[in-house]
Amino acid sequence: MALVDGQDLMRSARFRKEREADWRHLEQLVLLAESRGLQRMDFAQARDLASLYRQATTSLAIAREISLDKALLGYLEALTARAYLCVYAPQQRLGGLVSRFLTHGAPRAMRRSWPFLLLGFLCLALGVLTGYLLYLENSDWYYVLMPTELAGGRGPDATTESLREVIYGHDTGSHGLGAFASYLFSHNTRIAIFVFGLGVFACAPAILLTFYNGLSLGAFYALHVDRGLGLDLGGWLSIHGVTELSAICVACAGGLKLGTAVLFPGDRTRVGALRHAGRDAVKLAIVAAIMLVAAAVLEAFGRQLVQDRSLRFIIGWGAGALWLAWFTLGGRGRR
Amino acid sequence: MILRRWKNRRRAGPSPDTLMPPEGVALTLPIAGVGVRLAAQITDILLTTIATVCLIVLLAVLDLTDPNTLFAIAVLLFFFIRVPYYVLAELVWNGQTLGKRMMKIKVVSHDGGPLTAHALVLRNLMKEAEVFLPATLLLMLDSASPLASLAALAWIIMGLLVPFFDRYRRRLGDMMAGTHVIHLPVPILLKDLASEAPVLGANRKQFVFLSHQLDHYGAFELQTLEALLRGQSLPASDNSARQRNETIQVIVEKIRKKIGYADPIPPADRLRFLQAFYNAQRKHLEQRQLFGDRREDKFYAQADQET
């Protein structure tokens, strides 16, 4: 039996023989598009990719009808799926990603989620107030509210002198990168990540955690006010605390945004609501991360260098004003 | 009852593996399971850990910092290598990290469009909240605070269980970002069995099958036979070659009995017989399909009667 020009082949074999060269070509183009990206392919190649992809989908439709060759079907399924991803889901351009986030994305997201930010700050403020009042009522509350590893020996039985020594102390043992690292991974960063992470699962833990953080801060502050060191501690805390505590509130707002989307999705499905809320929440999380890094820099390098109380206030609240300016003024104007 | 309703809903929708492109021909993009993604994840964690350890060793050798803060720096470095690694790798390789490349899986957008930077950043940031944070929490647990441990455990279990209840095996981060993970299909075109011209010796006769002999089997049996024939070209050791021969013999006898092929097949011709039968059967089934008579398997006649 001689095979003259495929005359004697069965339908599916003939079908394959006629198109195989095109499939092979498409296969090469798909590999090229995946390794180099569609944008860097020349015009003829990109055009061929699109048209060959369309031909391959037709081939697949026909093969599903006529062919019983499993290997051929599997090949066409895989080839068209790969080509589809190249044609319809190409790689996005990455240029300008960071600057776009800094100038437009982040400030707009912050402004859009102002109710949540307000709620976050409110949680912290209420916590501080409660802790403060509780301490004034009975100083034993301090032991309840303040985690021991954070207090570092600073309690109601410490002398005023030793408290002052900590605020204006010169050596804490570490400088530079090491200090930066340890401050960044201090208590507050962990709180911020927890507050955001817990917000996703439900709002309540995030709110409670922020409130609790405020409680210990309030008790700590009341202790110093009690000893007449209120203003000094204010300066000591301001230099990085303005940024750091705001970062916690921002993270809390991001978590709350996600949590409310899960709890009260409204007309959307829960997944849809999460997707919608995620657009802003992720920006809030990144902003919180940037602020935490900035706070760690201020704490590691600024706190030891700047000993003057009023200068500490100026630096701390100045940084706060800069953040505020970014959030309120950035990204306005034409879209 | 809830379980049944859930199962019904699961069956009702179209298969999660299919995707309808604008061309209108359904494509198959198989969803990657939890196991293969875990393997990719472990690979990635190993890679980032190795990078961190190298940097730490370098820092220690150069004596840039004092040993007390080395641990804090190690944590910091791991964090600052890990987070950008996932985001940048998926941005640069369009949805694949090194681990995912090795496992041949890929992140795709849920609606089939391009992957946005926002989606990739979000799904990887959520990985911190979902996987790494609970994991570090688990490492730092102490028995002194049972309440905290329980809460942490509940959190971890909740996060890890989400993919098992989702049709697309999505994490929470995937849901938010609108992505899911697929197996990247690998196109391999094998030779067409039917186009291989049978080698005919001078004194070898040709196998001829009659139409009624080909009416016994359907597409499923044909494709099983195809898999068997393709397997013959693979190299085999002595032992498995003998086993293979026995299988072939059994199958040839079975087919011969079923279709009523009278002549005995000599051992040397068995493969040739199967090859010829495959060709004839495929030709026959294709012919039938042309007339609108699709035969899925050998029970096609009964299925016709039932409907």
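This passage describes charged pairs, surface patches and annotated spans in a predicted model.

The salt bridges come first. Over all chains, the structure holds 23 of them. Side chains of opposite charge can pair when their charged atoms come close. One such pair is A:Arg82 and A:Glu34, whose side chains meet at 2.7 Å, N to O. A:Arg82 lies in helix α3 (residues 70-88) of chain A, while A:Glu34 lies in helix α1 (residues 11-36) of chain A, so the bridge ties together parts that are 48 residues apart in sequence. The two partners differ in cover. A:Arg82 is buried, because its relative accessibility is 10% and the cut-off for buried is under 20%. A:Glu34 is partly exposed, at 36%.

A second salt bridge in chain A links A:Arg47 with A:Asp48. Here the closest N and O atoms are 3.6 Å apart. Both residues are partly exposed: A:Arg47 has a relative accessibility of 45%, and A:Asp48 has a relative accessible area of 22%.

In chain B, B:Arg230 forms a salt bridge with B:Glu226, with 3.0 Å between the closest N and O atoms. Both residues sit in helix α8 (residues 219-231) of chain B. They are four residues apart, about one turn of the helix. Both are buried. The pair also belongs to a network of salt bridges that share partners. Its members from chain A are A:Arg16, A:Glu20, A:Arg24, A:Glu27 and A:Asp69. From chain B come B:Glu226, B:Arg230, B:Arg282 and B:Glu286.

Another charged residue of chain B is B:Asp44, found in helix α2 (residues 34-62) of chain B. B:Asp44 counts as buried, at 2% relative accessibility. B:Asp44 and B:Phe165 are 121 residues apart in sequence, and their C-alpha atoms are 25 Å apart in space.

The surface shows patches of two kinds. A positive patch is formed by B:Lys254, B:Lys257, B:Lys258 and B:Lys298. Of these, B:Lys258 lies in helix α9 (residues 238-259) of chain B and is partly exposed, with a relative accessible area of 37%. A nonpolar patch of about 550 Å² is made by A:Leu119, A:Leu122, A:Leu126, A:Leu129, A:Leu133 and A:Leu136. A:Leu129 has its place in helix α5 (residues 114-137) of chain A.

An unreviewed UniProt entry annotates "transmembrane region" in chain A at residues 116-136, 191-212, 245-264, 284-305 and 311-329. Residues 116-136 are 100% helix and 0% strand, with end C-alpha atoms 30 Å apart. Residues 245-264 are 95% helix and 0% strand, and their end C-alpha atoms lie 28 Å apart.

How values were computed. Residues numbered from 1 in each chain as written. Chains lettered and ligands numbered in written order. Predicted model: local features only at pLDDT ≥ 70, side-chain atom pairs only at ≥ 80, totals over all residues. Heavy atoms only, no water. UniProt positions renumbered as here; feature names shortened; annotations may be inferred. Helix = DSSP H or I, 4+ residues; strand = E, 2+ residues; numbered from the N terminus. Patch = residues over 30% accessible without salt bridge, like charges linked within 9 Å, V, L, I, M, F, W, Y side chains within 5 Å. Areas by Shrake-Rupley, 256 points an atom, 1.4 Å probe, with all protein chains shown as cover. Salt bridge = Lys/Arg side-chain N within 4 Å of Asp/Glu carboxyl O. Lys, Arg positive; Asp, Glu negative; His and termini not counted. Charge placed at Lys NZ, Arg CZ, Asp CG, Glu CD. Buried < 20%, exposed > 50% of the residue type's maximum accessible area, 1.4 Å probe, protein only.
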